[in-house]
Amino acid sequence: MAARQSAMAAALLSFAIAPFPGHALQTYSSSSASDPDIRAAAVEAALTDEERHRLLTGYVPFAFPGMPPVEPVVNPSSGRVRGVPRLGIPDLVESDASLGVTNPMGVRPGDTATALPSGLALAASFNPQLAEETGKLVAAEARSRGFNVLLAGGANLTRDWFGGRNFEYLGEDPLLAGVMAGASIKGVQSKGVVSTLKHFSLNAQETLRDTANARIEDAAHRESDLLAFQIAIERGRPGSIMCGYNLVNGAYACENDHLLNKVLKQDWGYKGWVMSDWGAVHSAQALVKGLDQQSGSQLDKQVWFDAPLKAEIVAGRIPKSRLSDAVRRVLRSVFAVGADKLQPQPVTDPALHSALARRAAAEGMVLLKNNGILPLANDARSILVVGGFANVGVMSGWGSSQVTPKGGYGAVVPLGGRSGFSELSRQNIHPSAPLAALKAAFPKAAVSFESGYFPEAAAAYAAKADLVIVIATQWQGESIDASGLNLPNGQNVLIEAVAAANPNTVVVLETGNPVTMPWLNNVSAVLQAWYPGSEGGPAIADVLTGKVNPAGRLPMTFPASVDQAPRSVPPGQGDPVGTRIDIDYVEGANVGYRWYAARGTKPLFAFGHGLSYTSFEQQGLAMSRRGRRIEASLAVANTGSRSGAEVSQLYLVEAAGRPVRKLVGFARTELEPGASQRVKLEIDPRLLANWDGKEWLVAGGTYRFRLGRSAEELLDQEAILKLDAGRIHP
Ligand code: BGC
């Protein structure tokens with residue numbers, strides 16, 4: 001009976017909208033007994049209430065400061081949900097995995113993993129294929145440890161230059177973030193491991209993250225952060241969505257009827273489950289507001305989804321059917337992805353993982369400036385490397401995404417903070433020292449190191465070197481926003497002093513966010529390396545020497561000053577923990593480069609900017625339209641003397657008479673010198689439309705597109721499309 005009802009429900013839902021051909025939301029046919037909906041309904045019907053509540057209540061499976069003790073488990077990680085072995089439902093063994101499999105607080109002594117470059121680095125590659133490959137890598141390492149749910153897939157737009165977790169995310173553009181997150185989730189789940197997509201939504205800053213109320217118009221939200229999530233869901237089909245800590249328009253994100261029930265489940269037809277962030281639930285009523293599972297429940301004031309939820313159901317204040325629905329959602333994702341069948345399999349070739357981490361780090365590096373000094377000539381006799389712990393390793397980002405790499409950290413600087421999570425914070429330096437990699441790359445040169453602690457000493461040695469590579473760092477992390485755009489710890493003074501002593505100065509930035517560069521005119525080159533992960537040192541050497549041609553593009557605008565940005569300080573900075581604040585996202589959907597374009601301001605470096613050691617020509621832009629399918633095509637040619645990749649970027653610059661700036665398509669093309677290729681970009685019609693409160697509407701009129709080297713540097717390649725007014729779907 002239950003199975004029949006579910007089959008009907010599935011049939012009714014099978015019209016689920018396909019707003020973008022090729023990227024349809026999940027449609028669910030119910031033709032066989034292996035159908036996850038049918039199985040989930042049948043298994044759910046066989047559960048006791050005790051088991052239902054168990055499946056909806058996750059916990060932290062290790063001792064955490066300030067938390068009641070827990071039974072020790074084998075293989076602890078960030079979260080766990082007890083399964084129902086009698087019905088073949090495994091424990092959900094959850095690991096953080098945004099940038100690799102984590103080992104929180106070293107709960108699995110000696111267990112290390114591949115640390116991938118930061119999310120911003122991945123986004124900078126503009127390469128969804130790479131995101132899929134790195135997703136597979138993480139899932140393979142997770143599977144080898146028996147983890148079947150990965151807390152991965154951060155797709156919050158990087159609205160602010162200061163966001164402490166921006167390094168985990170995928171930049172400021174909804175198309176780029178959505179496509180990259182979707183590809184990464186697809187990679188993870190192809191290995192039979194469930195991935196989340198997080199943190200739904202507008203978890204844009206860390207300051208007062210538990211009490212900050214993000215205020216935004218619904219249409220602006222749908223056209224920005226929500227669109228990134230929607231695209232990621234359509235492409236990656238994540239088994240679970242993790243809601244954030246913050247409030248959105250007055251309601252906690254994990255108890256937000258509009259976001260969870262209306263947008264996610266009703267409008268988008270999402271069939272997986274919503275899990276809370278750890279410590280983000282405030283009542284049992286969250287279940288009716290759309291939350292399906294309470295995670296890390298000891299971190300909340302109460303284990304809401306156990307006794308309090310039972311009491312609400314018994315009292316008739318929450319319908320029992322909603323309990324069943326939540327459980328079915330968990331089960332259907334587990335079955336759809338195959339996580340119930342997951343068998344731990346060892347990683348057979350760890351060297352391949354290291355090689356991919358190295359390639360990913362290099363692909364994500366962005367050459368911001370080059371006066372011709374790069375790639376470094378191999379006849380340099382003396383090279384001075386300065387600062388950035390380059391003798392030990394590379395900077396990494398702090399927080400739940402922090403990976404413990406092979407061999408452990410190269411160095412640890414305990415920093416601490418004012419409360420909770422930030423108290424535990426530390427700067428962890430990932431091993432793979434740029435110094436060693438540069439020594440290996442220049443066997444004939446004298447490569448030496450100066451810590452940079454005393455700028456004058458560094459300058460004195462710099463004056464005697466053929467060239468100087470300064471590595472500058474900006475540490476960022478969960479619960480910690482940046483409070484200024486300057487490099488911290490006097491590093492600007494250091495770079496000024498070194499550059500004054502030796503004009504052949506190259507700066508490598510290992511930062512979690514944009515920084516200003518008051519010394520920009522005085523240095524010869526700047527390479528943005530982000531947090532490059534456990535193969536970061538060799539990857540930096542690969543790009544500096546030209547072994548890899550840089551092709552990364554900024555996924556985030558670098559402001560020239562804080563006054564240019566929508567917010568010049570983190571709202572609530574300095575207020576005590578627990579202070580309730582409102583953040584008005586006045587820029588609405590004009591996030592990042594769109595804000596700069598709308599105001600006509602020139603940032604330090606624009607979204608999409610990035611230089612190369614070779615040169616490219618892009619020509620012959622044409623648009624075509626067949627039914628709802630809109631496609632752009634262009635020819636890309638490598639006109640230089642080195643092989644490399646070009647990132648084609650297509651911007652909408654005028655929509656029905658209105659000036660706009662929106663990335664509507666991108667493609668990364670690898671080309672040998674002299675080679676050319678025709679590139680096709682399919683345009684998601686939602687990027688040409690606006691949300692009118694109920695649906696996506698395209699205004700009738702002329703739509704003008706330009707190719708760009710960045711959001712600011714538009715090329716003379718233009719195409720025009722005339723569109724009639726209309727709705728996009730269903
Ligand atoms: C973070 C999540 C993470 C969870 C479990 C929270 O503090 O916000 O991203 O998945 O902890 O570690």
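1. Two strands count as paired if DSSP finds at least two bridges between them. By that rule, strands β9, β8, β6 and β20 of this predicted model form an open sheet in the order β9-β8-β6-β20, and the pairing is mixed. Its edge strands are β9 (251-252) and β20 (581-584), each of which pairs on one side only.

2. Within this sheet, strand β6 (residues 212-215) and β20 run parallel and are joined by 4 bridges. One residue pair can be looked up directly: Arg 215 has Asp 584 in β20 as its bridge partner. As background, strands of a sheet pair through backbone hydrogen bonds, either parallel or antiparallel.

3. Another open sheet has 6 strands in the order β11-β19-β18-β17-β12-β16, again with mixed pairing. Its edges are β11 (366-370) and β16 (446-450), and each of these pairs on one side only. On average, neighbouring strands in the sheet are turned by 15° against each other, with direction ignored.

4. How many bridges join strand β18 to strand β19? There are 4, between residues 505-511 of β18 and residues 525-528 of β19, and the two strands run parallel. Leu 509 has Gln 528 in β19 as its bridge partner.

5. Helices also pack on the 6-strand sheet. Helix α15 (residues 455-463) touches β12 (382-386), β16 and β17 (467-474), and the direction of α15 makes about 165° with that of β12. Helix α17 (residues 536-545) touches β17, β18 and β19, and the direction of α17 makes about 145° with that of β18. Strand β17 is thus on the contact list of α15 and on that of α17.

6. Turning to the ligand, 13 residues surround it, and the closest are Asp 96, Arg 165, His 199, Asp 277 and Glu 478. By class, this shell holds 4 nonpolar, 3 polar and 6 charged residues.

7. Which side chains place a polar atom by an oxygen atom of the ligand? Among them is Glu 478, with a side-chain N or O atom 2.6 Å from a ligand oxygen. A polar side-chain atom of Tyr 245 lies 2.9 Å from an oxygen atom of the ligand. For Lys 198, the distance from a side-chain N or O atom to a ligand oxygen is 3.0 Å. These three pairs meet the polar-contact cut-off, because that cut-off is within 3.5 Å for a pair of N or O atoms.

8. Is the ligand mostly buried or exposed? Taken alone, the ligand exposes 310 Å², and the protein buries 92% of that.

How values were computed: Residues numbered from 1 in each chain as written. Predicted model: local features only at pLDDT ≥ 70, side-chain atom pairs only at ≥ 80, totals over all residues. Heavy atoms only, no water. Near = heavy atom within 4 Å. Polar contact = N/O pair within 3.5 Å; in protein donor to acceptor, adjacent residues only side chain to side chain. Areas by Shrake-Rupley, 256 points an atom, 1.4 Å probe, with all protein chains shown as cover. Nonpolar A, V, L, I, M, F, W, Y, C, P; charged D, E, K, R; others polar. Axes fitted to C-alpha atoms, helices over the stretch in contact; angles between N-to-C directions. Contact = heavy atoms within 4.5 Å.
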